[in-house]
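Work through the three exercises below with the sequence and the structure side by side. Try each task before reading its solution.

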Amino acid sequence: MSPNESGGGARKVRGIVLFLAYLLSLLLIAVAYGAQGATPPIPTPSPLAEDAAFAAFLKDFRAEALNAGIKAETYDAATSGIVRNQRVADHNLNQPEFVKPIWEYLDSAVSPRRVADGRTVMIANTEILAQVSAKYGTPGEILVSIWGNESDYGRGGGGYKMIEALATLAYSGPRSDYARPQLIAALKMIEREHYDPASMTSSWAGAFGQTQFVPTTFLAQAVDGDGDGKIDLWHDVPDALASTANVLAMAGWAKDKPWGYEVALPSGFAYDDADLDLTKSVATWKKAGVKTAAGNELPASGDPASIFLPAGAQGPAFLVFANFKTILRYNNAASYALAVCLLGDQLKGASPVLAAWPRSLKPLSRDERLALQDSLVQLGFDIGKVDGLIGAKSRAAVRAWQKAHAVPADGYATLEIASRIALDARVKLAVP
Ligand code: CA
């Protein structure tokens, strides 16, 4: 599971001030070193002051934890000796220059090696998968696929001390509002499950175990899959698989229903209908000329479905049902849900995606994404915050612009579309 982006209030302002001070120090050092052409060292903003501020935060947060019912001795033992983790802080502020295109993401998420390993662990866990699927109604290949996507079947997803990572995120930066309740939940895990805080490992973002639960989800939905009286998502695979199945079941996974499948769209398809928030009956999609990827009629179904174009009009198309959206409840990224579903299909022997990905399309750099958002704002679109992250609002604005300019309205921002939108914005500025 990935934490949602969140932030706010005074903590956010403090984070921004610290970050601006950091940027200013970078600039000053760059100017100082620029003349000699040497590489400047990476500055750390007064580590002593930072350590003192972190210690003060831990002291303040103690009252909040005690207020939430955590025992003083639990808090003191769990936070004893922890420091502000610089690697976590760096991850927290990292703004990627390029967002990986979906085809590159799938290349590693659904690699032949990932498929082969998944088939091996499916065989090794046949019995527990059958039990869990029977109890929760979630197919074994989807559970194993989540396991593969979250931790590469238990190989990754650790490396940090959970309490230290969550405290670092709660202390400052954009994920403070996410991390504060997670830190309280992690302390509750210690009390309820009698874990040793030192052995609680997590990702930098505080997700942990074979299927990367966050502490609040653990408290609400983790279960003891092997019936040994303890829940251990780090080491007990049956616990991790059953807990994951429980999350999907509680999110509404419909037993024996498909997640969806690849389709082929007819020429002249109304691309603005391809939207995960827009559902129509399969019969309606049939009438619009949508076929299976192999060119056959869509199988009859009474369930509503959406058309999903992960790489826009130039890439593969998928017809997705409610179960696809259930996976979004596990991790709210459509690319993640697609990776889980496609790996799941291949684990049970299905072929890879038939249509080609538009691999020649270059991803927009962060500056190009910011410029696109600026242009959209100039053209009067509401895109929320200009933050370089192309989210639902930015995509809707691109789609609206495309519609007004008789371009296939897939909402997918290619470099070509971005430059046309920029030109449009410049013309608007010149001719008010
Ligand atoms: Ca157990």
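The model is predicted.

**Exercise 1. Which residues form a nonpolar patch on the surface, and what is their accessible area together?**

Solution. Step 1: the residues of the nonpolar surface patch are Leu423, Val427 and Val431. Step 2: together they have about 280 Å² of accessible area. Step 3: place one of them, Leu423, in helix α18, which covers residues 415-430. Step 4: the relative accessibility of Leu423 is 47%. Buried means under 20% and exposed means over 50%, so Leu423 counts as partly exposed.

**Exercise 2. Find the protein donors of the calcium ion, and decide whether Asp236 is buried or exposed.**

Solution. Step 1: OD atoms are donated by Asp224, Asp226, Asp228, Asp236 and Asp239, with Asp239 listed twice. Step 2: Lys230 contributes its O atom. Step 3: these donors lie 2.3 to 3.1 Å from the calcium ion. Step 4: along the chain, the donors follow the spacing D-x1-D-x1-D-x1-K-x5-D-x2-D. Step 5: Asp236 has a relative accessibility of 17%, so it counts as buried. Asp239, at 0%, counts as buried too.

**Exercise 3. Where is Gln402 found, and is Gln402 buried or exposed?**

Solution. Step 1: Gln402 belongs to helix α17, residues 392-404. Step 2: its relative accessibility is 1%, so Gln402 counts as buried. Step 3: list its contacts, leaving aside neighbours within four places in sequence. These are Val407, Pro408, Ala409, Asp410, Gly411, Tyr412 and Ile417.

How values were computed
Residues numbered from 1 in each chain as written. Predicted model: local features only at pLDDT ≥ 70, side-chain atom pairs only at ≥ 80, totals over all residues. Heavy atoms only, no water. Helix = DSSP H or I, 4+ residues; strand = E, 2+ residues; numbered from the N terminus. Buried < 20%, exposed > 50% of the residue type's maximum accessible area, 1.4 Å probe, protein only. Contact = heavy atoms within 4.5 Å. Donors = N, O, S within 2.8 Å, 3.2 Å for Na, K, Ca; no water. Patch = residues over 30% accessible without salt bridge, like charges linked within 9 Å, V, L, I, M, F, W, Y side chains within 5 Å. Areas by Shrake-Rupley, 256 points an atom, 1.4 Å probe, with all protein chains shown as cover. Salt bridge = Lys/Arg side-chain N within 4 Å of Asp/Glu carboxyl O.
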